[in-house]
Amino acid sequence: MQVSDYICRTDSPEQTKALGEILGGIVPAGTVIVLQGDLAAGKTQFVQGLAKGLGIAPAEVQSPTFALLHIYSGRLTLYHFDWYRIEDAAELEQLGFVEYVDESEGVVAIEWGARFPDWIPPDALWITFASGDDMQERQITFACAADSSTAQALAEFKLQYERQT
Ligand SMILES: Nc1ncnc2c1ncn2[C@@H]1O[C@H](COP(=O)(O)OP(=O)(O)OP(=O)(O)O)[C@@H](O)[C@H]1O
Ligand SMILES: [Mg+2]
């Protein structure tokens, strides 16, 4: 599979949220975003920015680690999942995960989504958070299939990000 990818570096939670906000202003309905990286890597911070870009108050956005799913209304509905505590794919079925993906008006963001890769659609946007040399440094890699509709959104993200920095 050919992949489009792009790497950004942030030095604070605010910068990570700002990246999310740019993406939130761009993502088309039906986008599935997988966020991977260790505990405290910045996934929820990023989703707070994503929510802001979608017109949702970022303060509303809390980690869904225990609730497994939070739903917010904005320009598009945001379905914010966290699969950290999900032990078995049967739980995804119980949550009705597939129906949320088929919900074309929404954006689905999944923290720890790589735990069940078979459930992730092929045109998903994968965002990987890695720590850097400093406490607050994060390297954030965006990747998706090159021939997907998501690749267009990623190209637009790159343009807007480079315009702002
Ligand atoms: N550059 C940065 N980007 C994002 N968060 C940062 C950065 N630097 C420091 N932090 C801190 O790291 C923490 C990231 O927390 P966050 O809840 O977003 O992690 P997470 O990846 O969602 O973890 P979990 O797997 O537990 O859900 C916050 O306390 C934030 O203040
Ligand atoms: Mg989190």
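**Ligand shell, core and a loop residue in a predicted model**

User: How do the residues of the shell around ligand 1 divide into nonpolar, polar and charged?

Analyst: This is a predicted model, in which local features need pLDDT of at least 70, side-chain atom pairs count only at pLDDT 80 or more, and totals for chains, interfaces and linings use all residues. Residues are numbered from 1 along each chain as its sequence is written, while chains are lettered from A and ligands numbered from 1 in the order in which they are written. Ala, Val, Leu, Ile, Met, Phe, Trp, Tyr, Cys and Pro count as nonpolar, Asp, Glu, Lys and Arg as charged, and the others, Gly among them, as polar. The shell around ligand 1 thus holds five nonpolar, eleven polar and four charged residues.

User: Which residues around ligand 1 come nearest?

Analyst: A residue is near a molecule if its C-beta atom, placed from the backbone, lies within 6 Å of it. Of the 20 residues around ligand 1, the nearest are T16, G42, K43, T44 and Q136.

User: Is D88 buried or exposed?

Analyst: A residue is buried if 20 or more other C-beta atoms, placed from the backbone, lie within 10 Å of its own, exposed if 12 or fewer, and partly exposed in between. Because D88 has 9 C-beta neighbours inside 10 Å, D88 counts as exposed.

User: How far apart in space are D88 and S63?

Analyst: The two residues are 25 residues apart in sequence. From C-alpha to C-alpha, D88 and S63 are separated in space by 20 Å.

User: Which buried residues does α1 have?

Analyst: Helices are DSSP runs (H or I, at least four residues), numbered from the N terminus. The buried residues of α1 are Q15, T16, K17, L19, G20, I22, L23 and G24.

Technical notes: Helices (H or I, at least four residues) and strands (E, at least two) are DSSP runs, numbered from the N terminus.
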